[in-house]
Amino acid sequence: MKKKKLLTGIIAASILTSVPWTTSSAAAPKWTNVNTYEEQNGSKFNSEHYDYLKFSKIREKLEQIAANSKRVKVEVKGRSADGHPLYVVTISDRTAQGNFGKIKALRKEMFKNPQKAQEWINDNPEFKVPVMINGSIHGTEFIGTDAVIQLIERFATQNDEQTKKILQNNILIFNVVANPDGRVDATRFNGQGIDLNRDFITQSQPETQQTVELIKEWNPMVFLDTHGYVKNYAPNLQGLIEPCTPPHNPNYEYDLYNKWAYKQAEAMEDEIMKNQDKYTGNLYKEMKGAYIPQRNDSAGWDDYPPIFTPMYAMYHGAYGHTLEAPTNDLDGVRWQYDAIMGALQYATDNKQGMITDQLEMFKRGINFDHPFHEEGFFPKAYVLPVDKNDPTVTEKAVNHLMKNDVKVVKASKNFTAEGKSYPKGTYIVNMNQAKAGLANTMLWDGEDITNDTPAMYDISAWSLPELWGFQANPVKSSIDVKTSKVTEVDYEGAVTGKGPYLIKNSSVKAVALVNALLQKGVHIKRDSKGNFYAITSASKIAAEVKASGVQVTTAKYPKTAVRVSDLKVAILKDGGMGKQQSHSGTKLALRRLGFNVTEVSPAEVAKQGLQSFNVFVYSGTENLIALPEKLSAPNKEFGFETNDQFDAFKSKVEIFLKQGGKYIAVGAGASRASYTLGLTDDTVNVGDWNSNGIVKVDYKGTDATTGYTSNDIGFVYRPTWYTGTQNDKVLATLDNSPGFFIAGHWANRDGAKGQAVVVQEKDKDVTLIGLEPGFRDHTDYLFRLLSNSIFDK
């Protein structure tokens, strides 16, 4: 599917307060419409279809609504990956208009003195609570945004008693189209190929960042996330309304959440059933209710990882719900509308108790009082030491924490914590803070939950310290040192000495610096440890080094160091098989490493070959090289056009290797495809689809694994390991101990213990990586497995 850049020009930060739109404002130069002829009419992956509201019509529709209302504020809060506006509509009764600043100030006070805030709310029951509704974060789940538009129209213009009562008690914040790119292109993912509802721990995408800012701005009491399509999970139970099955992440104050969330789910179900006679399809006429995972199941739809939008919002105190409509049609729109109305009515009727318990969560954090957690589960603090030569990894982590409302301080002098000495300037995250659960879920190592549940919905481990590569040392006792508040961290790199200049193979930023210098024409050599040497003057690299944050010093390079050049990298493109772009995380990792990366489709490789590239990366599903006759109708456009193209593809890759090209396969699908292509004779062993987690890995520290050590870490998703590797150079193995699996969910893993996970073929330049070094743009610490493989001679 061809990608477009449909929106240009300057988008106004604020479009409307209480003043209705006018025709003249609509025609102002700050607005640029998408080309409606570029938009898709629907997704081939949906079984039902209807005439949903196209993204290009959203502005016009909001304009019409706002022209007839004094309750509405419409803003553009940012742009999507492809440049489309991210619309936010705020609705309240007129008594609240102009007072949003005071309301937000009061909510900030909740994080300083929640006890006082509880008392104030008890004495002021007219206080309005924010409720946030997220529209269609998956682009092909069109019904969510259509329901949001209908709700906006209702609450902007109608005056029935239910509407007035809801507005008297709530402020409604609508994130109208959470994924504009996906709606325009009829894809689940955004313009960068990322599933945004998996991005809330990483926050790599502009759409995710905007939603996080919106959650922080309002700290909504309730968060509703609109999705589709779930039907027949249980007999005559249609659609899905969370709360979830176990396991529940232990970093929640889950007792406070579930006290209200379960009853709110039932209230949504009741509202749907109350309006059953208004539905047209037999599926709806025969339904007996909605599927509520916590009520109707024991496992399989968990709220464990903080990667999902509602689960992330729960760490900000929200009662978060995913709402999965049954069908992609007007009945599905009505289901969403009714479910949201049920949630709003329940929130209105129970506002006092719900907001009091939301504040109780913040109070527990500030008081370091977690009555439903085991003693010692939360440390008193995390200590984050800084590498003076390359502070960039810790810098990213500290800034990320602060962007998520986690308070970070810095030691004003040297100190000791639990027998370990730390220098002045060390960062500390004290855990007596309002959002302690969010801080801990980001900084803890995680846990092995394999024996806790038979299945997980998605990932089960995500530790930022381990997968981003910085230290976060938990401390069980109080730290006695004077500190200062940290508001922003921005290290500048510096060049010292007369050269050559050593750039250690230490981080993503360091490798990106190397690539920036190569693209500038700087002479660079690389030693056997993976470190780089810039052979030039300081003035020619100073600007790039300063921007990188890396400290670059003079050092002699060994005689064995070899020159490296600016390499052109091709990555096999998955246009969207199975509703996802399986190569997108690795693609973004390579680009963050600074490589010149081009996506090439299977058909393009078959027709044109790879002669214009130095490196070819395959990271994605094995179905990319499946014969067209083996693919489902929706998947056909992303693979080969004819059966003959498989042989042509195989031949072009073989020619590429004979001419000195480098081939890298990443993950299960690419490894199996490599076997099919005859590029390896290894046995490729693959674990279950939903097995994933953090593992101990013994790296040899050479070739593709330079910079990594024995007893180091890796990340697996659909775990992959290799046997029959006698003809290979084995560069890394899973640790050979029973405890090689650190955190996550992976049953039947004993056969993988001690087996190879990174290998190089001896007779051709083929590297197979069974780990997931570029997983969803999250595993920064492992990105250098990719750059090492690319630069290795």
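In this predicted model, T163 sits in helix α6, which spans residues 161-169. T163 is buried, because its relative accessible area is 0%, and the cut-off for a buried residue is under 20%. The side chain of T163 makes a polar contact of 2.7 Å with the side chain of D160. Leaving aside residues up to four places away in sequence, T163 touches R71, R154, F155 and Q158.

D160 also takes part at the start of α6. There, one of its side-chain oxygens comes to within 3.3 Å of the backbone nitrogen of Q162. D160 thus appears in two settings: in a polar contact with the side chain of T163, and beside the backbone of Q162.

T163 is joined by other buried residues of α6, namely I166, L167 and N169. The cover over these buried residues is drawn from several elements. Among the strands are β3, β4 (129-134) and β5 (170-175). Among the helices are α5 (143-157), α13 (330-349) and α14 (351-367).

Strand β3, one of the elements covering α6, belongs to a hairpin with β2. Strand β2 covers residues 72-79 and β3 covers residues 85-91. The two strands pair in the antiparallel sense, over 6 bridges. R79 has P85 of β3 as its bridge partner. Between the strands lie 5 residues. In this hairpin, G83 adopts a positive phi near 95°.

The domain assignment divides the protein chain into domain 1 (67-363), domain 2 (381-485), domain 3 (494-564) and domain 4 (568-791). The C-alpha centres of domain 1 and domain 3 are 49 Å apart.

A second region of interest is an open sheet. The sheet has 6 strands, in the order β17-β21-β18-β20-β19-β22, and its pairing is mixed. Strands β17 (494-496) and β22 (562-564) stand at the edges. Each has a single partner strand, so one side of each is left without a neighbour in the sheet. From one strand to the next, the twist averages 30°.

Within this sheet, β18 (residues 501-503) and β21 (residues 551-554) run antiparallel and are joined by 2 bridges. Y501 has T554 of β21 as its bridge partner. Helix α19 (residues 538-548) packs on the sheet. The helix touches β17, β18, β20 (532-535) and β21. The direction of α19 makes about 150° with that of β17.

Definitions and conventions
Residues are numbered from 1 along each chain as its sequence is written. This is a predicted model: local features need pLDDT of at least 70, side-chain atom pairs count only at pLDDT 80 or more; totals for chains, interfaces and linings use all residues. Side-chain values use heavy atoms; hydrogens and water are left out. Two strands pair if DSSP finds at least two bridges between them. Helices (H or I, at least four residues) and strands (E, at least two) are DSSP runs, numbered from the N terminus. Axes are lines fitted to C-alpha atoms, for helices over the stretch in contact, and angles run from 0 to 180 degrees between N-to-C directions. Contact means heavy atoms within 4.5 Å. Domain bounds come from an automatic or database domain assignment. Buried means under 20% relative accessible area, exposed over 50%, partly exposed in between (1.4 Å probe, protein chains only). A polar contact is a pair of N or O atoms within 3.5 Å; within protein, one must be able to donate a hydrogen and the other to accept it, and residues adjacent in sequence count only if both atoms are side-chain atoms.
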